[in-house]
Structure formats: structure tokens, C-alpha cells
Amino acid sequence: MEHPENSKEYKGLTVNDGVQQPSIVNPYLKRGRYRRRELSVADMVEGIVKGDVTVLSQAVTLVESVNPDHQHKAQEVIEKCLPYSGHSVRVGISGVPGAGKSTSIDQFGIHVLNEYGGKLAVLAIDPSSERSKGSILGDKTRMEKLAQHPNSFIRPSPSAGSLGGVARKTRETIILCEAAGFDKIFVETLGVGQSETACHSMVDFFLLIQLAGTGDELQGIKRGIMEISDGIVINKCDGENVDKCHLAATNFRNALHFFPMPESGWTPQVLCYSGFYGTGIKEIWDMVYHYIDFVKQNGYFDYRRNEQSKYWMYETINETLRNEFYNNALIQQRLKEAEHSVLAGEKTSFVAARDLLRAYSMIEKNKE
């Protein structure tokens, strides 16, 4: 654009155009140059068995994908990795939000790696927004020491509002991590209720983190969560909170006497520790490994693993049937009609559901 100051009216005045600005796009950039090569199933299995964390991460991403092609490929990888799995100690860690799970896992992981060696994988489930389905996935920032350790693998995953789907994918991710040589697996749950039951169905030891002095001690002695816990630990036992923690521990021990003896024959222990200061960590892991030795000697370890495998077989059947039902084109059409009938008061919810299931059964028979 011409500068008006350069016209003949203004003698002796000249304005330069200035330096031409370069393009914001690098002229030497070649499109597709950095495109990652897609690994085959054989390459992925080979990389996982060799302990390649990059390949393991790609495989976990496949497992978490909702793309049908990715799911099919992931199942092939899992099937080929299955013979290399099963040789780890799986520990589920749960507790209410703010109990210090991530800080505790950081301390637990460093202690376990330093004392027992081997490799550790941490599978952390981050609760997602019900509106946007997004997650912060910030667990690594709270596991500063463990995130820098060469023998650790931290994989945060969003729940995306689907607890059952996340639990199944976490179960499959455990198999991949074990095939990659990780002999210790930590599974951190959401800490919001039903997630504890799902976590209990895939680990060998379930550790419950509690707090003291929160105002209502009765909330911590609920039967559902207490009955599935193999060990209870009370965090933040430091400073002025020490007496409250020991009092809470006494209350928990007294409550455990009213519960029936677990199938394992193990009486859950209650311990106090401080995740921030790292005190009492050794006693907790002495308890965990004492439990593992105890259940291996009486045969409950293998029994529980077998029961978990059967449980996930039935869970997979239920999930597959559910998906096929809702993805059926004819059922999708009839769902709208059924909704209209229910809202108009022509049918009850139960009758409408029964009719839809019968219709789906007839559709499947006609396919045969």
C-alpha cells in the first residue's frame, strides 16, 4: 500500500515500506514428515514384551478408543499378550476425594521400588465432567518423585462418565502392563462409591485410605466399603492430628469385629501414616506383602484370580449384549415408539422394556 507521505506534495519526505514480514508457516516444513508409523499387531506385541513404554502407551490408547477398528486390534494385542501376564501384585487404592491418594501413591511407589526393586505401573482413573466429559488428568503433577523414576509408568485415564467401561479397560490395561514386565500394579479409583467394587474385582489387595477428624466418624464405617477392604490406613497422621488418627483407628478396629470373617481368612489391619512426611509407609507395605504370602499359602490368591476372570467374562457378555441391543437399527426406531407409549400412559416402563426385548429376540432369530 502506498504511503500518502510519498506523494509529490510533500517534497523531501520519504517513508520506507519496511521489511517484508516472513510467512508464519515454516517454508522448509514437509507435510506428513512427522507422521507416526502405525504399528501392526505383531510389532506392538513385540514392543510390549520388550518393555517399550512408548509402544505400551500406544496399546493402552487403542484399548481406550471407542473406534471399532481400534477395539478389534486392541483385542488381538491383548490376546497375544495374555501368556506373558499374571505375574504381578495388583493393589487397588481408594479413598474419598482429598484423602491424599495421589500423594500416598507417590510415597508408596518410591518405597516399593527402592525396597523390592522391579517395575511399577500406576493406573489412575480421573473423574470426568458430566457436562463436557473432559478431565484434568493431573495425577502426574502430584506424583512428582514417581513420575521421574525410570522404572515407573503412570497412566491417567478419564472416566468419561462410564464406570463400567473404564473398569473393563483398566482390567485389559493391567494385562498389557504385566506383559511389559511390570511386576507391581497400582490401580487408583475415583473414590465415589461403585468404583471401589469394580476395582476390588481386578486387584489382589484392596487398600482403603481414610481420614480422621472430618466431623462424622460414622461415614467411614459403612459396611459396603469396609467389607471389601483388605487393609485400612488413616492418612495425615502428623502434627496435631496424631491423637485423632489413633482414635479413629481404634474405632475402625472395633467396627471390624462386627463384620463376618472374609473368605481369605485374613483379618484386615488398621494403620496410621503420613503421606506428606512419608512416615509409617514401611509398616503398610509389610502388611501388604504379608497378606500376599498369607493368601498364596492357603490357596485363596489363585481362587480370587479365577473368580475375577469369571466375573469379567460375565461383565463383558452383559456389556456386549447391551451395546448390540442399542446399536440395532430396528430397535432404535422402536425405542422412540416405546418412549411415546410410556409417556402417553399406554404402557408401563416394564411392559415397554419387555416388548422391546422380545422384538430384539425375534430380530436375532430371523437372522439365523
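In this predicted model, a search of the whole structure finds zero disulfides. A disulfide is a covalent bond between the sulfur atoms of two cysteines. Cys 272 illustrates the result, since this residue is in no disulfide and the nearest cysteine sulfur, which belongs to Cys 237, is 4.6 Å away; for a disulfide to be counted, the two sulfur atoms would have to lie within 2.5 Å. Cys 272 is nevertheless a buried residue, with a relative accessible area of 19%, a value that falls under the 20% limit used for burial. Cys 81 is likewise counted as buried, in this case because its relative accessibility is 0%.

The protein chain as a whole contains 14 helices and seven strands. Of its 368 residues, 42% count as buried. With regard to contacts between residues at least 6 apart in sequence, 75% join residues that are at least 24 apart.

Helix H4, which covers residues 101-116, was examined with respect to both its length and its surroundings. At 1.5 Å a residue, the 16 residues of this helix should span 22 Å, and the C-alpha atoms at its ends are 21 Å apart, which agrees with the expectation. Because 12 of the 16 residues of H4 are buried, the helix is largely enclosed by the rest of the structure. The buried residues of H4 include Ile 105, Phe 108, Ile 110, Val 112 and Leu 113, and also Lys 101, Asp 106 and His 111. Just after the helix, Gly 117 takes a positive phi of about 70 degrees.

A further buried position is found in the loop between helix H3 (68-81) and strand S1 (89-95), where Ser 85 lies. The relative accessible area of Ser 85 is 13%, so this residue counts as buried. Its side chain reaches the backbone oxygen of Leu 82 at a distance of 2.7 Å. When residues up to four places away in sequence are not counted, Ser 85 touches Ile 175, Glu 178 and Ala 179.

Enclosed spaces were considered next. A search of the whole structure finds two cavities of 30 Å³ or more, and the second largest of them has a volume of about 40 Å³. The residues that line this second largest cavity are Asp 204, Tyr 291, Val 295, Tyr 300, Phe 301 and Arg 304. Two elements, helix H11 (281-297) and helix H12 (300-327), each give two or more residues to that lining, and the largest share, three residues, comes from H12.

Helix H12 also contributes to an open space, the second largest pocket, where the helix gives the most to the lining, with six residues. About 580 Å³ of space lies in this second largest pocket. The pocket is lined by 26 residues, of which Glu 227, Ile 228, Asp 230, Pro 262 and Glu 263 are the closest to its centre. The elements that give two or more residues to the lining of the second largest pocket are helix H8 (194-200), helix H9 (223-227), helix H10 (242-256) and H12. Helix H12 thus gives the largest share to the lining of the second largest cavity and the most to the lining of the second largest pocket.

Note on methods
Residues are numbered from 1 along each chain as its sequence is written. This is a predicted model: local features need pLDDT of at least 70, side-chain atom pairs count only at pLDDT 80 or more; totals for chains, interfaces and linings use all residues. Side-chain values use heavy atoms; hydrogens and water are left out. Helices (H or I, at least four residues) and strands (E, at least two) are DSSP runs, numbered from the N terminus. The expected span of a helix is 1.5 Å times one less than its number of residues. Buried means under 20% relative accessible area, exposed over 50%, partly exposed in between (1.4 Å probe, protein chains only). A polar contact is a pair of N or O atoms within 3.5 Å; within protein, one must be able to donate a hydrogen and the other to accept it, and residues adjacent in sequence count only if both atoms are side-chain atoms. Contact means heavy atoms within 4.5 Å. On a 1 Å grid over the protein atoms alone, a cavity is a set of points where a 1.4 Å probe fits but cannot get out, and a pocket is an open set with protein on both sides within 12 Å along at least five of seven lines; lining residues have an atom within 4 Å of a point. Grid points are joined across faces, edges and corners, and a volume is the space filled by probe spheres set on the points.
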